[in-house]
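Here is a short report for a first look at this structure. Keep the sequence and the 3D view at hand while reading.

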Amino acid sequence: MGQMIDTGGVELWVERRGQGPDVLLISGLGDPVEAWQPQLDGLADRYRLTAFDNRGAGRTPLPEGPLTMPRMADDAAALLRTLRIPAAHVTGFSGGSFIAQELALRHPGLVRSLVLMSTTARPDSYFRAMTRFWEWMVERAPSERAMLEAFYLWIYTPRAHADGLVDRLIDETLAFEHPQSAEAFQRQLAAFSRHDTSDRLGGITAPTLVLAGELDLATPPRLGREVAEGIPDAEFEVLPGEAHQPFQEVPEVFNARVEAFWRTVEAED
């Protein structure tokens, strides 16, 4: 059961599950904590997981003024300190991986390890064109269902479209009691589109695993590889046959891979 937590600068909706070493899960564009359900369910018997709604997603309100990666990274840091978590295994997905990069750079002592899923150091021309399309699509699509059907073409594999997973996820999103507004979607998107750590990645000191989906259209493997090459001693792995959101499509594979990485880090601490 989640709760609103006052971190001193912003109130964040937070869900915590399990016992064991601390893990912080940072969501991507528009995703509430429920996006991490396969991890909250699948890892809670071995880890204490904390997931939260970023500003403007789920139950966390959208503040006045622009959203920025440093500000959202500071939100994550404030949450860890409020919960008295000295350091956590940090896992960020897509836009959440951008936040995680900034968190590791701005608050290195809070990051025990770093997993970056579907990531980039800065948007390339394809990414910028894609997000410009998303920006007007969220306003001009004939219905919310039509918007999601189009948006999810970049997010999930053809397999997920064929086997009914995408239809189920769309139904769940439409039934969610705390939908994201078009304004919040656009403002999060603008913040993620301004992300740039390309000249600072060498300052990340946490053990890092970068994961990319072989079929990812939004952040293809070449972008993840560039991130891994910029972080000292980072590991890089491509998940065959997967797209942008494998932690939902193949949670057993994703969970096993990140847990193996965390165990290696814990053994070396």
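## A salt bridge across the chain

Are R55 and D75 buried or exposed? R55 is buried, and D75 is buried too. The model is predicted, so each feature below comes from a computed structure.

R55 and D75 form a salt bridge. Their closest N and O atoms lie 2.5 Å apart. This pair ties together distant parts of the chain. R55 sits in the loop between β4 (48-52) and α2 (69-82). D75 sits in helix α2. The two residues are 20 residues apart.

## More salt bridges

How many salt bridges does the structure hold? There are 21 salt bridges in the structure.

One of them lies within helix α7, where E172 and R168 are placed four residues apart. That spacing is about one turn of the helix. The side chains of E172 and R168 meet at 2.8 Å, N to O. E172 has a relative accessibility of 42%, so E172 counts as partly exposed. R168 has a relative accessible area of 44%, so R168 is partly exposed as well. Elsewhere, salt bridges with shared partners join D45, R46, E259 and R263 into one network.

Within that network, the side chains of D45 and R46 meet in a salt bridge of 2.6 Å, N to O. Are these two residues buried, partly exposed or exposed? D45 reaches 60% relative accessibility, above the 50% cut-off, and therefore counts as exposed. R46 has a relative accessible area of 30%, so R46 is partly exposed.

## The loop around Q19

Q19 is in the loop between β2 (11-17) and β3 (22-26). Its relative accessible area is 60%, so Q19 is exposed.

Which residues does Q19 touch, beyond those up to four places away in sequence? They are A44, D45, R46, Y47 and R48. D45 and R46 are also the salt-bridge pair described above. Q19 and A44 are 25 residues apart in sequence. In space, their C-alpha atoms are 6.4 Å apart.

## S94 and its contacts

S94 is found in the loop between β5 (88-93) and α3 (95-106). Is S94 buried or exposed? Its relative accessible area is 12%, so S94 is buried. The cut-off for buried is under 20%.

Set aside the neighbours within four places in sequence. S94 is then in contact with M117, S118 and H244.

## Two helices that cross

Two packed helices are described by the angle between their axes and the distance between the axes. Take helix α5 (residues 144-151) and helix α7 (residues 165-175). Their axes come within 10 Å. They cross at roughly 140°.

Why are α5 and α7 called oblique to each other? Angles over 145 degrees count as roughly antiparallel, and those from 65 to 115 as roughly perpendicular. The crossing angle of roughly 140° falls in neither range, and α5 and α7 are therefore oblique. The crossing of α5 and α7 is right-handed.

Which residues meet here? From α5 come E144, R145, L148 and E149. From α7 come I170, D171, T173 and L174. By class, this contact has three nonpolar, one polar and four charged residues.

How values were computed. Residues are numbered from 1 along each chain as its sequence is written. This is a predicted model: local features need pLDDT of at least 70, side-chain atom pairs count only at pLDDT 80 or more; totals for chains, interfaces and linings use all residues. Side-chain values use heavy atoms; hydrogens and water are left out. Axes are lines fitted to C-alpha atoms, for helices over the stretch in contact, and angles run from 0 to 180 degrees between N-to-C directions. Angles under 35 degrees count as roughly parallel, over 145 as roughly antiparallel, 65 to 115 as roughly perpendicular and the rest as oblique. A crossing is left-handed if the near helix is turned anticlockwise from the far one by less than a right angle, and right-handed if clockwise. Contact means heavy atoms within 4.5 Å. Ala, Val, Leu, Ile, Met, Phe, Trp, Tyr, Cys and Pro count as nonpolar, Asp, Glu, Lys and Arg as charged, and the others, Gly among them, as polar. A salt bridge is a side-chain nitrogen of Lys or Arg within 4 Å of a carboxyl oxygen of Asp or Glu. Buried means under 20% relative accessible area, exposed over 50%, partly exposed in between (1.4 Å probe, protein chains only).
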